[in-house]
Amino acid sequence: MSPARRDTGAPSVDLHGLRPSDALAKLARAIHAARVRGATEIVAITGRGASNTTGEPVLRTKVERWSEGDEARRLGVRGYERESKGGALRLRHGPAR
């Protein structure tokens, strides 16, 4: 099975269709909840951006930038990788800082 299609049982959060500010708030809550349950990864479903007017992945780009920032680091985010042909991100996290 390729890394982009592996199933590790990680919880997921569907952000597809949300405004970026709402999506990032929902993602922060989901990361916190996943950490409390002992998960070390979470899959954020962002969509690939194919249906917007530019055809570019707006939400995925915002989530990637956010995951490299201070708020994500405080929540314990350590990195991410793209999955599902770019329609999702697998975020790795550990203890909050």
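Which side chains meet in a salt bridge at 2.9 Å, N to O? I looked this up before anything else and found Glu41 and Arg90, where a salt bridge is a side-chain nitrogen of Lys or Arg within 4 Å of a carboxyl oxygen of Asp or Glu.

**Entry 1: the model.** I note that this is a predicted model, in which local features need pLDDT of at least 70 and side-chain atom pairs count only at pLDDT 80 or more, whereas totals for chains, interfaces and linings use all residues. Residues are numbered from 1 along each chain as its sequence is written, and side-chain values use heavy atoms, with hydrogens and water left out.

**Entry 2: salt bridges.** I searched the whole structure and found six salt bridges. The pair of Glu41 and Arg90 links distant parts of the chain, with Glu41 in strand β2 and Arg90 in strand β4, 49 residues apart; helices (H or I, at least four residues) and strands (E, at least two) are DSSP runs, numbered from the N terminus. I checked accessibility next, taking buried as under 20% relative accessible area, exposed as over 50% and partly exposed as in between (1.4 Å probe, protein chains only). Glu41 is buried at 16%, and Arg90 is buried at 3%.

The side chain of Arg90 also meets that of Glu83 in a salt bridge of 2.5 Å, N to O, and both Glu83 and Arg90 are buried. I therefore record Glu41, Glu83 and Arg90 as one network, joined by salt bridges that share partners.

I then turned to Glu64 and Arg82, whose side chains meet in a salt bridge of 2.7 Å, N to O. Glu64 lies in helix α2 and Arg82 in strand β3, so this pair ties together parts that are 18 residues apart in sequence. Glu64 is buried, with a relative accessible area of 8%, whereas Arg82 counts as partly exposed at 45%.

**Entry 3: the sheet.** I traced four strands in an open sheet with the order β1-β2-β4-β3 and mixed pairing, two strands being paired if DSSP finds at least two bridges between them. β1 (12-14) and β3 stand at the edges with a single partner strand each, so one side of each is left without a neighbour in the sheet. The twist averages 20° from one strand to the next; axes are lines fitted to C-alpha atoms, for helices over the stretch in contact, and angles run from 0 to 180 degrees between N-to-C directions.

β2 and β4 run antiparallel and are joined by five bridges, and here Ala44 stands opposite Leu89 in β4. β3 and β4 also pair in the antiparallel sense, over six bridges, and I found Tyr80 opposite Leu91 in β4.

**Entry 4: the hairpin loop.** I looked at the hairpin of β3 and β4, which has four residues between the strands and in which Ser84 takes a positive phi near 50°. Lys85 is found in the loop between β3 and β4 and has a positive phi near 55°, in a residue other than glycine. Ser84 counts as partly exposed, with 44% relative accessibility, while Lys85 is exposed, with a relative accessible area of 74%.

**Entry 5: helix α2.** Which residues of α2 (58-67) are buried? I listed Leu59, Arg60, Val63, Glu64, Trp66 and Ser67. Seen down the axis of α2, these residues fall within an arc of 165°, so they line one face of the helix; the arc is that of the directions from the helix axis to the C-beta atoms. Their cover includes α1 (20-36), α3 (70-74), β3 (77-83) and β4 (88-93). I also noted that α2 lies across β3 and β4, running at about 155° to β3.

**Entry 6: the core.** I took a nonpolar core as a set of buried Ala, Val, Leu, Ile, Met, Phe, Trp, Tyr and Cys residues joined through side-chain atoms within 4.5 Å. The largest has 19 residues, of which Leu15, Leu27, Ile31 and Trp66 touch the most other members. The elements giving two or more residues to this core are α1, β2 (41-45), α2 and β4, and α1 gives the most, with seven residues. I followed Leu27 further: leaving aside its neighbours within four places in sequence, Leu27 is in contact (heavy atoms within 4.5 Å) with Val13, Leu15, Ala44, Val63 and Trp66.
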